[in-house]
Amino acid sequence: MDNNFYKNQGPFKLDFIAEKIGGELVPPKSFSNIPDIENITNLQEALENDLTFLVNLKYEQYIETTKASACIVSKDIADKYSFEKMWLIIHENPYFAYSNALDILYASKVSRSNKIEKSSMVHASATIGEDVYIGHNSIIEENAQIGDGTTISGNCYIGPGVKIGKNCRIDSNITINFSLIGDGVVILPGARIGQDGFGFATEKGKHKKIFHIGRVIIEDDVEIGANTTIDRGALKDTIIRKNARLDNLVQIGHNVEVGQGTILVSQVGVAGSTKLGQYCAVGGQAGFAGHLEIADGSRIAGQSGVQHSIKDPGTTLFGTPSVPIREWQKQNIAIKKLLKSKG
């Protein structure tokens, strides 16, 4: 951890951390005093008074050699080894527990609250909540609303009438127009939200831009990645449902709806008026044609091209054009056999 960027709030007693993250504390075979935890790090680099974790079983080989004082593990791992000197925190979801432990031990070095930098410009009609920070050279336009506890970093533009909820984090160089944003939303640097969609009507070789009269609705607890773009709706709203996660460089077209809890990995593109269901998972560089309906729980492999609606929940698709995983496997086997026979 670099002290220039982050603040260590510890040390904390291990039993305090275990209680806060909802884990079961288990002492080592050779009982020792409950340790003070000073840092969280990986299995290979951990030292005494460090807390570590095991999530990816590729690193299981280090579980018996790590120097950490404690480790967050699943019950399967706890039962598999004899831990002579290391304390355990057993949790059904070690990665989630690890993320909560990080929140306890570390914080951002920069503490900003209840301040509007002199170089920023806030319209007289804008409503600014309590404990709000607005960074250098940011612009808040007329009738915009910023909720309590929200941070807006430098060089941001918040357009007229935009509403941003409570405890949001709007990082630097972000533009937001024609948008209503819920509580607890995180938007990473460079995002562009609420701009015109890609809509044109063509007559006699001339492309006439269609005036977009929709909005962008981002519900509570959404994260939008760096340099992601979300077009506002043409007639209907573009909607990002609560708890969705959009990675960096994602493109969301006009009138798209992204379902609750859905995850879109880097460079995914969703064309206009497509609706993604709840808790879908879409791999990097996958693309969706417009006007599709994607069922809840669908899983789309990276670089797949989805050209048809998905009706059955939980379907897994591969390839371009995308097909169900079993069909994709059969196609690959057939191609290999064909190449072998011609070889």
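## Surface patch

In this predicted model, M1, F5 and Y6 make up a nonpolar surface patch with a combined accessible area of about 350 Å² (Shrake-Rupley method, 1.4 Å probe, only the protein chains shown counting as cover). Patch residues have over 30% relative accessible area and no salt bridge, and nonpolar side chains are joined within 5 Å; a salt bridge is a side-chain nitrogen of Lys or Arg within 4 Å of a carboxyl oxygen of Asp or Glu.

Y6 belongs to strand β1 (residues 6–8); strands are DSSP runs of E with at least two residues. Y6 counts as partly exposed because its relative accessibility is 44% (buried is under 20%, exposed over 50%, partly exposed in between).

## Sheet

An open sheet of 5 strands has the order β3-β8-β7-β6-β5, with mixed pairing. Its edge strands, β3 (24–26) and β5 (39–40), each pair on one side only. Two strands pair if DSSP finds at least two bridges between them.

β5 runs parallel to β6 (residues 50–53), with 2 bridges. N39 has D50 of β6 as its bridge partner.

## Helix α3

Helix α3 (residues 94–105) has 12 residues, and its end C-alpha atoms lie 16 Å apart, in agreement with the 16 Å expected at 1.5 Å a residue (1.5 Å times one less than the number of residues). Helices are DSSP runs of H or I with at least four residues.

P94, A97, Y98, A101, I104 and L105 are the buried residues of α3. Viewed down the axis, they fall within an arc of 110 degrees and so line one face of the helix; the arc uses directions from the axis to the C-beta atoms. Y95 and D103, on the other side of α3, are exposed.

## Basis

Residues are numbered from 1 along each chain as its sequence is written. Local features need pLDDT of at least 70 and side-chain atom pairs pLDDT 80 or more, while totals for chains, interfaces and linings use all residues; side-chain values use heavy atoms, without hydrogens and water.

Technical notes: Buried means under 20% relative accessible area, exposed over 50%, partly exposed in between (1.4 Å probe, protein chains only). Patches are made of residues with over 30% relative accessible area and no salt bridge: like charges are joined within 9 Å, nonpolar side chains (Val, Leu, Ile, Met, Phe, Trp, Tyr) within 5 Å.
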